[in-house]
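The following exercises concern one protein chain and are to be solved with the coordinates at hand. Each task is followed by a solution in steps.

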Amino acid sequence: MRLNRDRLVGAALDLVDAEGAEALSMRALADRVDRQVSSLYNHVSGRADLIEAMRARIVTGIDVSAFAPAEVGEEVPWATALEVWARSYLRAFAAHPNLIRLLATTSIRDPSTYAMYDAVVAGLRRGGWPESEVIAVVRTVEAHVLGSALDIVAPGDLLAQEAADERFPAVYAALAAHNAESYGAEPSFELGLAALIAGLRSRLEAQAA
């Protein structure tokens, strides 16, 4: 099969998904696509360029349409748009959890990622958020999303009632099976997101007052 940049990025994502971020090297990737290392440089300039291409691939799956300005359609309240974005962001990274540490510890240079942020920031600014705080709002929501993405792929018995014996009566009771639907990864994400949005809304209202 003919090698191109798109196929190379897909192979890199498969490699990270299967073996973890530490396994990503140009040599490992060359082995995966059955090419010489030198041939990869016809499509990417190096590992950093490859990482940014992987970031761009993930960003294409994150929905920012709810932040569209009024002239594009009916304006969506900033809090609703933030929820839509956060849930979409979660789905994108829950599908590739091994990428989280790699992308979160690499300086962002990908234009499509900045285009995503620009849409979110512009929507929050139209919603009344001051320029001095809007990036902090974005990063706060991102931190919750990325932590939740890791939680979703954690072992189902990460917190196990049988491991919490009589020495830990409070947590033992809370981990009872009839509570399981409330403390799973996804309901925990929704609880945290609702709390974040409520707190952000209160902060903005207090500033306006």
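**Exercise 1.** Determine which residues are in contact with Leu124, leaving aside its neighbours within four places in sequence.

*Solution.* The model is a predicted one. Step one: take contact to be heavy atoms within 4.5 Å. Step two: apply this criterion to Leu124, which yields Phe67, Trp78, Leu82, Trp129, Val134, Val137 and Val138.

**Exercise 2.** Place Leu124 in the largest nonpolar core and identify the helices that supply this core.

*Solution.* Step one: the largest nonpolar core comprises 59 residues. Leu124 is listed with Leu82 and Trp85 as having the most contacts inside this core. Step two: at least two core residues each come from H1 (5-19), H2 (26-33), H4 (47-59), H5 (78-94), H6 (99-104), H7 (111-126), H8 (131-152) and H11 (185-208). Step three: the greatest contribution is that of H5, with 10 residues. In soluble globular proteins, nonpolar side chains tend to be buried together.

**Exercise 3.** Describe the secondary structure of the protein chain and of the segment 25-44.

*Solution.* Step one: the protein chain contains 11 helices and zero strands. Step two: UniProt, in an unreviewed entry, lists residues 25-44 as "DNA-binding region". Over these residues the chain is 60% helix and 0% strand, and the end C-alpha atoms lie 13 Å apart.

**Exercise 4.** Characterise the protein chain by its extent, burial and contacts.

*Solution.* Step one: the C-alpha trace spans about 60 × 55 × 25 Å along its principal axes. Step two: of the 209 residues, 38% are buried. Step three: among contacts with a separation of 6 or more, 69% join residues 24 or more positions apart.

How values were computed. Residues numbered from 1 in each chain as written. Predicted model: local features only at pLDDT ≥ 70, side-chain atom pairs only at ≥ 80, totals over all residues. Heavy atoms only, no water. UniProt positions renumbered as here; feature names shortened; annotations may be inferred. Helix = DSSP H or I, 4+ residues; strand = E, 2+ residues; numbered from the N terminus. Core = buried A, V, L, I, M, F, W, Y, C linked by side-chain atoms within 4.5 Å. Buried < 20%, exposed > 50% of the residue type's maximum accessible area, 1.4 Å probe, protein only.
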